[in-house]
Amino acid sequence: MAGGMVAGLLERADGEWMARKTLEMVEIKSVTMDEAEMCRYYADALRALGLAVDVREVTPGRNNLYARIPGTGGGPTLALNGHVDTVPIHGAWPPRREGDLIYGRGTTDMKGPMAAVLGAAKALIESGVKLKGDLVISAVVGHEEAVARKDGPRAYIEDLNAGRTKADRILIVEGEEDIWLMSMGSANFVITLTSDKGGTHTNNTPFGENPIRFMGELIGAVNRRQREMDAGDRHPLAGPERIDLGVASAGDLYNRTPTHCTLIGTRRWMPGKTVADITAELDALARPFAEAGRLGFDLKIEQEREPFETPVDDVAVKAVIAAAERVTGATPKVVGRRIVGDANLYVHGTGIPTFYYGASNHTAHADVEWVSVERIRRSAQVYLAAAAAYCGVAE
Ligand SMILES: [Zn+2]
C-alpha cells in the first residue's frame with residue numbers, strides 16, 4: 001500500500017550524501033554569468049542518478065538543465081526548481097562543515113536546496129517506487145545578479161511554453177520551511193521634472209517657480225498616498241501596499257535653479273492590479289505637480305514584475321503542507337511577501353501555479369552563509385512525500 005511505500009521512500013533520504021553534494025557544489029564558485037562549471041557538475045550529478053539531462057543553452061556555457069523521472073502515467077507533473085548561481089563571493093571561503101552546519105557562499109542560496117533535490121531524486125530512483133506523474137528537476141542560471149536580466153528563468157518560461165519541459169505545478173525549493181505562495185507586484189519608477197528656467201542664477205527665478213518646490217510637493221503627495229494605503233486594504237499575508245523613495249536629486253549649485261529634479265522609488269502592489277494600473281496611478285499622482293509648475297514631465301517604469309498568488313487550497317500546496325506536517329511534525333507557516341521572486345515571472349509567463357518551500361534561506365546573501373544538513377535532509381523528505389501525494393503512487 002502507498003502509505004508504507006512512502007515511509008520507506010522517506011527513510012532513503014540520505015542526509016550525509018546530500019551534505020557531501022552541498023560541499024562539492026559550494027567548492028565550485030558560480031557567481032551569476034559564471035555558472036558553466038557548476039552547470040557541468042549538476043548535469044553530471046543528474047546523469048550519475050541514471051537520468052537523461054536536457055542541456056538548454058542560455059548563453060554559451062551557461063545552461064538550464066531539465067531532467068525527468070518519468071511516471072507510469074495518469075498523474076500530474078511536479079517540477080522542482082532552483083538556481084545554480086550565487087551572489088558575488090566575499091568572505092565565506094573556503095567552505096567548511098561544522099557539525100550540522102555547512103558554511104560558505106551559496107550553501108543556503110541555494111546549493112544545499114539543490115542537493116536536497118538530488119537527494120530526493122536519488123531516494124525515489126533507488127526505492128523502485130513509481131509515481132504516476134512525472135517528477136521534473138529544473139535548474140536555472142542567471143537568477144541573482146541584475147546583469148543576467150533573469151535570462152535563465154526567462155529561458156525556462158520559453159521552454160515550458162514551447163513544451164520542451166513540462167510542469168503542472170512548479171515548486172521552487174527556496175524558503176524557511178514555510179509555504180511562500182504570494183508576492184506583491186513590484187516596479188521601480190523614475191519621475192523627472194524639467195524646467196526651462198534651470199541653469200541660471202536663482203535670483204532670476206522666484207522660488208514659487210523653482211522646480212524643487214514642485215518636487216517637494218510631490219514628495220508630500222507620495223507620503224499622503226502611503227498613509228492612504230496604510231489605512232486601506234491590507235493583504236492578509238503581506239500587509240499594505242507600498243510606495244517608497246530611494247533617490248531624490250536636483251541641482252548642482254546652491255544658487256543655480258536646477259534644470260532637473262528626479263525621484264526614484266519602488267511601488268509594490270497586491271494581486272488584482274497590473275503594472276498598467278500602477279503606471280496610470282503614478283502618472284495621475286505626479287503629473288499635476290509638473291503641470292502646476294509648467295515643468296516637463298517624464299515617468300519611466302523599470303524592472304516590473306506582476307504579482308502572483310497561488311491559493312492555499314491548491315492541490316499541490318495542500319500536498320506540500322501535509323508532507324511538511326508529516327516530516328517536521330509541525331504545520332508550516334503560510335506566508336506572502338512584498339518582495340518578488342522567480343514565481344512572479346513563472347506564474348505570469350506560463351500560468352502554471354507556483355510556490356516555494358525550502359530548507360532555509362535566512363542567511364542568503366549574508367556575510368556568513370550557512371545551511372543545516374538536517375534541514376536539507378528534511379526538505380528532501382518533504383519533496384518526496386509531496387510528490388507521492390501530488391503525482392500519485394502507482395500500485
Ligand atoms: Zn539569492
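Start with Gly336 and its surroundings. Setting aside neighbours within four places in sequence, Gly336 is in contact with Trp180, Met182, Leu237 and Ala238. Keep in mind that this is a predicted model. Gly336 sits in strand 14, residues 334-337. Is Gly336 buried or exposed? Its relative accessibility is 12%, and buried means under 20%, so Gly336 counts as buried. There is also a long-range pair here. His235 is 101 residues away from Gly336 along the chain, yet their C-alpha atoms are separated by 8.6 Å.

Now a little further along the chain, to helix 9. Helix 9 spans residues 342-350. Which of its residues are buried? They are Asp342, Ala343, Asn344, Leu345, Tyr346 and Thr350. Just after the helix comes Gly351, with a positive phi of about 75°.

Helix 9 has a partner, helix 5, residues 151-162. The two axes come within 10 Å and cross at roughly 30°. Angles under 35 degrees count as roughly parallel, so helix 5 and helix 9 are roughly parallel to each other. The crossing of helix 5 and helix 9 is right-handed. Who makes the contact? On the helix 5 side, Pro153, Arg154, Tyr156, Ile157, Leu160 and Asn161. On the helix 9 side, Asp342, Leu345, Tyr346, Gly349 and Thr350. By class, the residues of this contact divide into six nonpolar, three polar and two charged. Asp342, Leu345, Tyr346 and Thr350 appear in this contact and are also among the buried residues of helix 9.

Next, the sheet. Four strands form an open sheet, in the order 10-11-9-12, with antiparallel pairing. Which strands stand at the edges? Strand 10, 242-250, and strand 12, 296-305. Each has a single partner strand, so one side of each is left without a neighbour in the sheet. Neighbouring strands are turned by 15° against each other on average, direction ignored.

Look at one pairing in detail. Strand 9, residues 185-194, pairs with strand 12 in the antiparallel sense over eight bridges. One bridge to pick out: Phe189 has Ile301 of strand 12 as its partner.

Last, the helices on the sheet. Helix 6, residues 211-231, lies across strand 9, strand 10 and strand 11, the last being 260-269. Helix 6 runs at about 170° to strand 10. Helix 7, residues 275-292, lies across strand 9, strand 10, strand 11 and strand 12. Its angle to strand 12 is about 155°.

Definitions and conventions: Residues numbered from 1 in each chain as written. Predicted model: local features only at pLDDT ≥ 70, side-chain atom pairs only at ≥ 80, totals over all residues. Heavy atoms only, no water. Buried < 20%, exposed > 50% of the residue type's maximum accessible area, 1.4 Å probe, protein only. Helix = DSSP H or I, 4+ residues; strand = E, 2+ residues; numbered from the N terminus. Axes fitted to C-alpha atoms, helices over the stretch in contact; angles between N-to-C directions. Parallel < 35°, antiparallel > 145°, perpendicular 65-115°, else oblique. Left-handed = near helix turned anticlockwise from the far one by under 90°. Contact = heavy atoms within 4.5 Å. Nonpolar A, V, L, I, M, F, W, Y, C, P; charged D, E, K, R; others polar. Pairing = 2+ DSSP bridges.
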